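Please read these notes with the model open beside you, and follow each point in the structure as you go.

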Amino acid sequence: MVQPKVTKPAPRSVAPRHRGHSLAPEHLGEGGAAAALVVAIAGMAIFIAAVAMTVGGLTLPNSYAGTTPPPNVNQLGMSQVLAGIALLVLGLAIVATAAAVLADLPRSRPLVVGISAIAALLAGAGIVLLMGAPRRDWVLLASLGVAFVAFGGAAAVLARPRR
């Protein structure tokens with residue numbers, strides 16, 4: 001005896017997900033998208049500051065126009081130029097990894113977490129060094145504190161797995 005075939009309703013192929021905001025990429029969620037955006041904006045700020053720092057170091061000998069320059073005028077801005085170039089590389093790496101995460105490139109999330117953690121550690125080291133200085137620049141100290149919190153928080157948010 002042949003049993004009649006029972007047909008079941010077709011299962012839903014795609015279950016609708018709750019999205020909090022229409023602009024937040026679904027693969028990141030709202031918190032991850034905000035963290036990636038903070039990292040990208042801070043990376044652009046680092047890049048712009050690095051360009052200014054490099055140009056300032058390159059034009060430092062010109063600031064002695066009309067006066068007698070010191071004997072080592074060509075070497076005065078060299079450390080500033082080298083630090084500016086290092087910050088240029090860091091700023092570009094930060095912006096590139098943040099853009100890669102926002103574009104959902106494979107294996108980009110661990111890179112942005114690592115770069116953000118490195119930037120947070122560098123900001124923390126800057127805070128420690130500046131606190132040991134006899135004369136403190138409070139604006140620089142505050143900006144390093146903001147960078148430490150922003151990059152550290154973004155690294156923590158992006159490091160946790162998406163629920």
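1. Thr 97 is a good place to begin: leaving aside residues up to four places away in sequence, Thr 97 touches Leu 111, Val 112 and Ile 115. Please keep in mind throughout that this is a predicted model.

2. Thr 97 lies in helix α3, and this residue counts as buried because its relative accessible area is 12%, which is under the cut-off of 20%. A polar atom of the Thr 97 side chain also lies 3.1 Å from the backbone oxygen of Ile 94.

3. Which helices do the buried residues of α4 pack against? They pack against α1 (29–58), α3 and α5 (138–159), and the buried residues of α4 include Val 112 and Ile 115, both of which are touched by Thr 97. Others among the buried residues of α4 are Ser 116, Ala 119, Ala 123 and Gly 126.

4. Helix α4 itself covers residues 109–131, which makes 23 residues, and it reaches 33 Å from its first C-alpha to its last, close to the 33 Å expected at 1.5 Å a residue.

5. Returning to helix α3 (residues 78–102), we also find Leu 87 there; Leu 87 is classed as partly exposed because its relative accessible area is 31%, a value between the limits of 20% and 50%. Not counting residues up to four places away in sequence, Leu 87 touches Ile 46, Ala 50 and Met 53. Leu 87 and Ile 46 are 41 residues apart in sequence, yet their C-alpha atoms are 6.7 Å apart in space.

Conventions: Residues are numbered from 1 along each chain as its sequence is written. This is a predicted model: local features need pLDDT of at least 70, side-chain atom pairs count only at pLDDT 80 or more; totals for chains, interfaces and linings use all residues. Side-chain values use heavy atoms; hydrogens and water are left out. Helices (H or I, at least four residues) and strands (E, at least two) are DSSP runs, numbered from the N terminus. Buried means under 20% relative accessible area, exposed over 50%, partly exposed in between (1.4 Å probe, protein chains only). Contact means heavy atoms within 4.5 Å. A polar contact is a pair of N or O atoms within 3.5 Å; within protein, one must be able to donate a hydrogen and the other to accept it, and residues adjacent in sequence count only if both atoms are side-chain atoms. The expected span of a helix is 1.5 Å times one less than its number of residues.
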